[in-house]
Amino acid sequence: MHAFTFNGLPSRVVFGAGSINRLESELDALGVHKALVLCTPQQEALAERIAANLGERCSGIYPRAVMHVPIESAVAAREEARRRHADCIVAAGGGSTTGLGKAIALESELPLIAIPTTYAGSEMTPIYGITDGGIKRTGKNPRVLPRSVIYDPQLTLDLPINVSVTSAMNAIAHAAEGLYAQDTNPLMDLAAQQGIAAIADAIPRLRATPRDVVARTDALYGAWLCGMVLGNVGMALHHKLCHTLGGSFALPHAEVHTVVLPHALAFNASAVPEVMSKIARAIGAETAASGMYDLAKTNGAPVSLAAIGMKVEDLDRAAALAVKTPYWNPRPFGPDQIADIRDLLQRAFEGVRPD
Ligand code: NAD
């Protein structure tokens, strides 16, 4: 056992089919009275259902959450919360909606309740991101950590299957990198292995029967664990590459995670073989990298950057950006390793199956 420091995050989780009905008691527990409900335009029906259940305790709906939290959207939502005298925020949706809730909490101190409907995991982290002038600025602040998270698998039954698979791979990526994080600890290690196993087992069942509430429950359970890992320990090469590709080349968030993960694991395999064995065991594969690639491909997810909009002429710039300000990684990658990172990106671009 290695020495470690563990500083658990104070988040409260209400989990289970039908737990959306517990929202009002969560408001009571927080001592708040008027919620502003956030959602994307696509999920307005869910927000309306929540508003109807809350009755007078809903101050209104703000249905304009969009990907990457543009500053204009954060400012407008903060203003809406003020105008409607909301004393708490309810974010019902995926990472984009949770992100908007965090942007409000950051500036207003209003408590945030998250009702996640994807597997992205933002609800378990104190990390926020706001896009200003085309640049996404991220930060960490305990204020943005949702005070309560309601995980109701019933709300995920209609998540389109292609989004479900890539979102689930996005969750696995958090846990996989958590296993070799510099600041990991035995509890996060257990959560990561269990989270990866739960999601890998659920993905084919979701594909076969997207509205199977048991498979949805298992996937959401795994997403909770993987999100907890993301919130508690630092991320490495894989997340650096995804932030670079998503931030500077506008590639879609969950898809880019899905494509890059096998290649990031292959890059790190020689540095942390024992971690790779844990990942391989969790997904029932011979190696972590090839198993992750197969999990994505056999379940209909994209496996090449080319397929999700990356241009070959941008690969040099992506490699240069990624190595310029590297994150800690078990196998260092900085300006001296640019050729290796460029090679990794080439293989991800082409969708080559790693060994
Ligand atoms: P998303 O929130 O953008 O949702 C994708 C689409 O799916 C949206 O149109 C949404 O309305 C729809 N959708 C969501 N749930 C649905 C459901 N159950 N049924 C039908 N449609 C549904 O996607 P995401 O992948 O959840 O989030 C991505 C964003 O989250 C990125 O901006 C990423 O940077 C951020 N993120 C942040 C953290 C963090 O810790 N801060 C962690 C993970 C992701």
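This short talk describes the nonpolar cores, one helix and the ligand surroundings of a predicted model.

Good morning. I shall begin with the interior. The largest nonpolar core holds 54 residues, and those touching the most other members are Y119, I172, I196, I203, L265, I279 and M292. Two or more residues each are supplied by β8 (148-151), α5 (161-179), α6 (186-208), α7 (213-232), α9 (253-268), α10 (273-283) and α11 (288-298). Domain 1 (12-156) and domain 2 (161-350) each contribute at least three residues to this core. Another core, of 25 residues, lies apart from it; A318, A322, F333 and I341 are among its members.

Let us look at one residue of the largest core, Y119. Leaving aside residues up to four places away in sequence, Y119 touches T156, L159, S164, S167, A168, A171, L206, R216, A219, L220 and A223.

I turn now to α7. Is this helix largely enclosed or open? Of its 20 residues, 14 are buried, and therefore α7 is largely enclosed by the rest of the structure. From first C-alpha to last, α7 reaches 28 Å, close to the 28 Å expected at 1.5 Å a residue. At its start, a side-chain oxygen of D212 comes to within 2.9 Å of the backbone nitrogen of V214.

Finally, the ligand. Which residues come nearest to it? Of the 22 residues around the ligand, they are T40, S96, T117, T118 and T125. The side chain of S96 has an N or O atom 2.6 Å from a ligand oxygen. For the side chain of Q43, the corresponding distance to a ligand oxygen is 3.1 Å. A ligand nitrogen, in turn, lies 2.9 Å from a polar backbone atom of I127. Thank you.

Methods
Residues are numbered from 1 along each chain as its sequence is written. This is a predicted model: local features need pLDDT of at least 70, side-chain atom pairs count only at pLDDT 80 or more; totals for chains, interfaces and linings use all residues. Side-chain values use heavy atoms; hydrogens and water are left out. A nonpolar core is a set of buried Ala, Val, Leu, Ile, Met, Phe, Trp, Tyr and Cys residues joined through side-chain atoms within 4.5 Å. Buried means under 20% relative accessible area, exposed over 50%, partly exposed in between (1.4 Å probe, protein chains only). Helices (H or I, at least four residues) and strands (E, at least two) are DSSP runs, numbered from the N terminus. Domain bounds come from an automatic or database domain assignment. Contact means heavy atoms within 4.5 Å. The expected span of a helix is 1.5 Å times one less than its number of residues. A polar contact is a pair of N or O atoms within 3.5 Å; within protein, one must be able to donate a hydrogen and the other to accept it, and residues adjacent in sequence count only if both atoms are side-chain atoms. A residue is near a molecule or strand if one of its heavy atoms lies within 4 Å of it.
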